[in-house]
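Please read the following explanation with the structure open beside you, and look for each element as it is named.

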2 protein chains.
Amino acid sequence: MMMGTDRVLGLLPLLVLAFLCESLYCKPNNDVRSLAEITREISGYRAIAQKIIHLAVQGEAQNRSYDRLAAFTDTVGNRISGSRNLEVAIKYMYSALIQDGLENVHLEQVKVPHWVRGQESAMMVLPRNHTMTILGLGSSVGTSSQGVEAEVLVVESFEELRSRASEAKGKIVVYNQPFVSYGETVAYRAYGASEAAKVGAVASLIRSITPVSINSPHTGWQDYQPGVPHIPTACITIEDAEMMARMARRGQKIVVRLRMGAQTLPDADSFNTVAEIVGSEHPEQVVLLSGHLDSWDVGQGAMDDGGGVAISWEALSLLRDLGLRPKRTIRMVLWTAEEQGGVGASQYFERHKGNISNFDLVMESDLGTFSPLGLQFSGTKQAEAVMQEVVKLLAPINTTALEEHGEGTDIELWMEAGVPGASLHTADEKYFWFHHTEGDTMTVQSPVEMNLCSALWAVVAYVVADLDDMLPR
Amino acid sequence: MMMGTDRVLGLLPLLVLAFLCESLYCKPNNDVRSLAEITREISGYRAIAQKIIHLAVQGEAQNRSYDRLAAFTDTVGNRISGSRNLEVAIKYMYSALIQDGLENVHLEQVKVPHWVRGQESAMMVLPRNHTMTILGLGSSVGTSSQGVEAEVLVVESFEELRSRASEAKGKIVVYNQPFVSYGETVAYRAYGASEAAKVGAVASLIRSITPVSINSPHTGWQDYQPGVPHIPTACITIEDAEMMARMARRGQKIVVRLRMGAQTLPDADSFNTVAEIVGSEHPEQVVLLSGHLDSWDVGQGAMDDGGGVAISWEALSLLRDLGLRPKRTIRMVLWTAEEQGGVGASQYFERHKGNISNFDLVMESDLGTFSPLGLQFSGTKQAEAVMQEVVKLLAPINTTALEEHGEGTDIELWMEAGVPGASLHTADEKYFWFHHTEGDTMTVQSPVEMNLCSALWAVVAYVVADLDDMLPR
């Protein structure tokens, strides 16, 4: 039944008030109420968060993520894209996840680069004989079997190389760039070879991208630019780069003989490794937890990114142990071929982006699992406000910091497409000491720190996956 | 002529007074006066100290010790006892000291051990293939050319080895002892082989003696005990020691194949290298400044002990530049074969100990030339009181700390025989990160820190050598 006009007119002042209220005053109040409600909802998870933390830090699961990672990396060793070790690692992890009783454990196929290092050596033959410790860079071509022997041109920057371009022809360019930050200085590793080739160099040797060295070379991916000759390229140690710079300043002629057996084989088959706790109410909606299973072909890949893998797995195990099944699905994806430029992550995005509206939050740990500080977050102000409440649940382990998201990662494509993203933030001051070196081993990892990271990871994933609403976009 | 009895008796009260004064009151007063006088005397050197400091830190000599050390180590490289490199180093330094216009530059012959490393490798073949980075230990025997392949017994201490002695026969003992301090933990490097041989082991691999590692092995001397079989022995990295310990705890069988081409050749001829500023009043009295010229056969030996060499040389140069000739002789001795157990220093002591009463102060720098803190001193309380006044002259560079002397060194024999001794004390927290590794290079050294060390070294040597009296013993 409809109302008569008089009654409507009689209600008019109220309707006007309601309109004004909705449009001018009450909406903010509604939002505030809504956030207040969410805040209340989230604070209701305090006891559960405390349970998860207790299990991970003092309970039955104490040190489990460390022990699992140690067993995995001690057994498999390092595992570069395309290698048999990476195949073994994926099989190992697939079996372990099934054995752990996780759900929907499966592999998703990915084509990955297959670069192999081969034998490599660098010998300074002038002004004196000195064997250098080097690591060839991923995607570099090799030398002939005799190697390349040439005089060295030492530069401190790309600018200096350009200003001395006429001196570079036929030489080995040695970059002795200072370490500013990884994000800035890694340009020398990534582009050093092509920039040197452009001015006629026959090879390039790049000071390792690290603030600290015990004569430690660091490997990593490098990018040849289109239309520029591919020349062999490797990282040398800070020590050798600085020594050659001193020799050059003294006017001494430096000659180096470089041999690299590196080659690129046809792309190989690999897999992203997936396991879930299926959501109880919205199984199609996903909170994604991740780390990458591949590593460089040195050390154990325990820090980069064994730690991220182990705490993501541990987060699922903790929730399973406590019988916690959230409304949404928590999906762990262990990326393959991250080190070759996020290859596994990018193919995963292509395959699953059609379902993007169901991706609630994408999470990644790939900067070490040291003592945790909190999260780096990317999302709208509204989503950030919700996450601020979520991290408050971590007060018992003092990891409530929520910072702005930093550099590019395996979850970047999702974040660029508007999905909220979170990365683990830890006390990672020493990360680049060990990054891509023979020193990336279990010795860098601490069971106590990994317990804390696992607790943080599990609490955030569970609570976000269990909230009444997905995070606002 | 003799005095009559009456006159003697008449003087009696005065004599008694004099005796009492001497024995009860006046002697302390004399001493106090004497220290007060010395204090006054030393404070008179303030302007000279300031001049030396200025020359070293801001003046013409700024960075000279660093530049000299860089040129020396970049040219010669490392220089182990018995090696051609050490011969080259001694010739280089002899010429450089003469060219620098120092006095009495000469070499004193020493017979030194001649151990050579040869090719070496260690491969874990069970539970998986893994190449270990090792450094054989000085004086170790080699293996046969096929190497030795055996199961591993991992222990955390000598106590554990003894309690598991029955398991050791035919095995390679791996020591995974924790790092407590160099002084304490180095016992595993020194005695690990003989302790393992006593219980039937065929080789020993010892976790490197360091608090920090980027998969960095550390070499060093080791001592076979008499009557115990000589078995090959090397240091492995913390990383590999910890990994094998984890594998052993899991009950995994570990097998390692070790190949070492090490051998000990007949003793070689070498030299202590000497230069002086001859004293103006008591040229036979000596303040001795020292560091050791030999190094291990890895890295550049820039820190151990290139820095000690360079600041001792620089101290003489600074005084020469300023035309400062002290009353006593300042003699620099650059020891040879320190790393083999203070061989050069001990032969020097035997040759010169007849003249010990003329040795005023013996000084040594062999724990790095980092940011200086002051001196470690060994001597009587009276001598210490004098040195307390001397280090006050270093207030302009804030290095006035005088601490008790620490561990055994190249000046130990003199100190044990009662000669006051002083060692440079610097902020050496990172010393053992680089000690006896490929990372002991110029990269560890800082010109600014070396300027300060040189200034301290020159001020102390000059002032002590120029005081009216030798230090009390």
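What follows is a walk through a predicted model, beginning with the sheets of chain A and ending with single residues.

Before the sheets themselves, it helps to recall that strands of a sheet pair through backbone hydrogen bonds, and that they do so either parallel or antiparallel. One open sheet of chain A contains 8 strands with mixed pairing, and its order reads E1-E10-E12-E11-E13-E16-E14-E15. The edges are formed by strand E1 (103-116) and strand E15 (401-404) of chain A, each of which pairs on one side only. From one strand to the next, the twist of this sheet averages 25 degrees.

If we start at the E1 edge, we find that E1(A) and E10(A) run antiparallel and are joined by 11 bridges, and that A:Val116 has A:Gln263 in E10(A) as its bridge partner. The next step leads from E10(A) to E12(A), again in the antiparallel sense, through 5 bridges, where A:Ala275 is matched with A:Met332 in E12(A) as its bridge partner. Further along, the sense changes to parallel for strand E11 (residues 282-292) and strand E13 (residues 359-364) of chain A, which pair over 3 bridges, with A:Val286 standing opposite A:Phe359 in E13(A). Helix H4 (residues 84-99) of chain A packs on this sheet, where it touches E1, strand E10 (263-277) and strand E12 (328-335) of chain A, and its direction makes about 10 degrees with that of E10(A).

Towards the other edge, strand E14 of chain A deserves a pause. How does E14(A) run relative to E16(A), and how to E15(A)? With strand E16 (residues 421-426) of chain A, E14(A) runs antiparallel, joined by 6 bridges, whereas with E15(A) it runs parallel, joined by 4 bridges. The residue A:Gly374 shows both pairings, since its bridge partner in E16(A) is A:His425 and its bridge partner in E15(A) is A:Ala401. Helix H10 (residues 381-392) of chain A lies across E13, strand E14 (372-378) and E15 of chain A, and runs at about 165 degrees to E14(A). Because 5 of the 7 residues of E14(A) are buried, this strand is largely enclosed by the rest of the structure.

Chain A also has an open sheet of 8 strands in the order E3-E2-E9-E5-E6-E7-E8-E4, and its pairing is mixed as well. Strand E3 (130-132) and strand E4 (135-136) of chain A stand at the edges with a single partner strand each, so one side of each is left without a neighbour in the sheet. The partner of E3(A) is strand E2 (residues 120-126) of chain A, and the two pair in the antiparallel sense over 3 bridges; within this pairing, A:Met124 has A:His130 in E3(A) as its bridge partner. Helix H6 (residues 182-198) of chain A packs on the sheet and touches strand E6 (172-175), strand E7 (203-207) and strand E8 (233-236) of chain A, with a direction at about 155 degrees to that of E7(A).

We can now turn to a place where the two chains meet. Helix H3 (residues 64-76) of chain A packs against helix H7 (residues 238-249) of chain B at an angle of about 105 degrees, and their axes are 11 Å apart. This angle makes H3(A) roughly perpendicular to H7(B). The contact is made by A:Tyr66, A:Ala70 and A:Asp74 on the side of H3(A), and by B:Met243, B:Arg246 and B:Met247 on the side of H7(B).

Single residues complete the picture. A:Asn451 lies in helix H13 (residues 447-466) of chain A and, at 4% relative accessibility, counts as buried. Although A:Asn451 and A:Gln58 are 393 residues apart in sequence, their C-alpha atoms are 8.7 Å apart in space. Beyond its sequence neighbours up to four places away, A:Asn451 touches several residues, among them A:Ala56, A:Asn63 and A:Ser65.

In chain B, B:Ser139 lies in the loop between strand E4 (135-136) and strand E5 (148-155). Is B:Ser139 buried or exposed? Its relative accessibility is 13%, and therefore B:Ser139 counts as buried. A polar atom of its side chain lies 2.7 Å from the backbone oxygen of B:Gln222, and the residues in contact with B:Ser139 from beyond four places in sequence include B:Trp115, B:Tyr224 and B:Thr264.

Technical notes. Residues numbered from 1 in each chain as written. Chains lettered and ligands numbered in written order. Predicted model: local features only at pLDDT ≥ 70, side-chain atom pairs only at ≥ 80, totals over all residues. Heavy atoms only, no water. Pairing = 2+ DSSP bridges. Contact = heavy atoms within 4.5 Å. Axes fitted to C-alpha atoms, helices over the stretch in contact; angles between N-to-C directions. Buried < 20%, exposed > 50% of the residue type's maximum accessible area, 1.4 Å probe, protein only. Polar contact = N/O pair within 3.5 Å; in protein donor to acceptor, adjacent residues only side chain to side chain. Parallel < 35°, antiparallel > 145°, perpendicular 65-115°, else oblique.
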